[in-house]
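Work through these backbone exercises with the coordinates open. Each task is followed by a stepwise solution.

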Amino acid sequence: MCFGSTSTVLAQTSDTLLAETGRNEQSGPNVLFIAVDDLASSLGCYGDLVAKTPNIDRLAASGTCFLNAYNQLPLCNPTRASIMTGLRPDTIKVYDLDRHFRDEVPNVVTLSQSFQNAGYFAARVGKIYHYNVPASIGTDGFDDPPSWNRTVNPKGRDKTDEHLVFNAEPHRKISGSLSWLAADGTDEEQTDGMIATEAIKIMQEKRNEPFFLGVGFFRPHSPYIAPKKYFDMYPLDTLRTPYAPPNDRDDIPTAAFAHNCPIPNYGLDESTLLEATQAYYACVSMVDAQVGRLLDSLEQLGLADQTIVVFWSDHGYHLGEHGGTWQKRTLFEQCAQAPLIMRSPGQKSSGSCRRIVEFVDIYPTLTELANIPAPDDLAGRSLAPLLNDPLTPWDGDAVTQVLRPADDRLAQQVMGCSIRTQRYRYTEWADGEYGVELYDHHTDPNEFHNLAVNPDAKATAVIQRLRPRLNAKSSGRTPTVPVNPARL
């Protein structure tokens, strides 16, 4: 289906499709809000040559694939709370996995509540807000009840098969270790397959009224569980660990490396790391298949031309970059950047957009596209102009932050704050007390060379220019609100 011709799409919407569904012509567009847990830009549409993701790639081709989209805090609870409130972590005061955003902003109107207030039916299937994975699968997790008219919490055989999971780090729980299972059975027996099935049922049920449907997949969050056929798509002899120069870590501050990955590659051998990589990509392809089921159902139900589709991951993810960094909780590009794809009926262009955007931009974008009221205090701005022209003047920057606990590496809690512009990434740890980083993405896209170490005049000028822009959106001070160090 082509979404590039506005007149054709609008004609179809006003004539054939509205007649088929019986929807009122004054109804706004539906929203299919697809979230994926711990998904890096390990997708074909983001240039990953290993990933086999035909369904997500076709969504990107028919909509807008934001190649430079950045989350606000690379940890599940804070980033999801930020997306759903449209506010930055320093506003909602959520930095760990335990604090709920309503503790700080009890009357905030969430994204799905704005759609409810405009007459939409709002439902959640699976993980939109934080869950402890895999422990909370099948429950409401750390949900926000006012955000939904209905919630559905499937639980598949990945839960009952947990005893079969291989854990490469048996001293750690499978929730945070490199652990995996090439599972027996079908997609539909897995929790994520069940999530797609339940979401399709809701689309069928609500096809004649406007809906906001949040569909949250649990994989590729560890343990990496997917049917065996997806593992077979990635033979081990075709995989490699990421390159890094031998001295890559020498100019990087200690605080830049996450406390959950204190030693390179967890001390594991290369063959184990490649098996973990295989398992991660297997989960990515399994989720891609479920996204394909959702997209196909939109077509079959006659809803594709009246539904905004948003695809996002809560943050990026490391697979061994910088000499053995894994998982999340860093401010490097691989973790701060994350997939964001949008498709809106009638948008005037399609394909990739390289402008710098933030996840707090999602909220105002969707309310504008649906022509519904939004709160006045949202932190982001609408991306609608970029859906129509990806080269429109933008001058964007993105700020991501993360809080480190005090441990044997750091004498105190340390807040890291990072700003990404079209050319540079600049990062401060505790306002620079625990280190500073500057990377030039024009010459160093993998962030191997920290220009803030003995900076020359040009680097100093860049730092002086970026520091006030960073401080305008985040604070390097230690938070005064309650924080659970074990859950950072």
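Exposure classes come first: buried means under 20% relative accessible area, exposed means over 50%, and partly exposed lies in between (1.4 Å probe, protein chains only). Residues are numbered from 1 along each chain as its sequence is written. The model is predicted, so local features need pLDDT of at least 70, side-chain atom pairs count only at pLDDT 80 or more, and totals for chains, interfaces and linings use all residues. Helices (H or I, at least four residues) and strands (E, at least two) are DSSP runs, numbered from the N terminus.

**Exercise 1.** Characterise Asp431 by phi, location and exposure.

Solution.
- Step 1. Take phi: Asp431 is not a glycine, yet its phi is positive, near 55 degrees.
- Step 2. Locate Asp431: the loop between β16 (424-429) and β17 (436-440) holds it.
- Step 3. Classify Asp431: its relative accessible area is 45%, so it is partly exposed.

**Exercise 2.** Repeat the analysis for Lys93.

Solution.
- Step 1. Phi of Lys93 is positive, about 60 degrees, in a residue that is not a glycine.
- Step 2. Lys93 sits in the loop between α4 (89-92) and α5 (111-117).
- Step 3. Lys93 counts as partly exposed because its relative accessibility is 26%.

**Exercise 3.** Assign the peptide bonds Val133 to Pro134 and Arg219 to Pro220: cis or trans?

Solution.
- Step 1. From Val133 to Pro134, omega is near 5 degrees; the bond is cis.
- Step 2. Pro134 lies in the loop between β3 (121-126) and β4 (150-152).
- Step 3. From Arg219 to Pro220, omega is near 15 degrees; this bond is cis.
- Step 4. Pro220 belongs to the loop between β7 (211-217) and β8 (224-227).

Terms used:
Heavy atoms only, no water.
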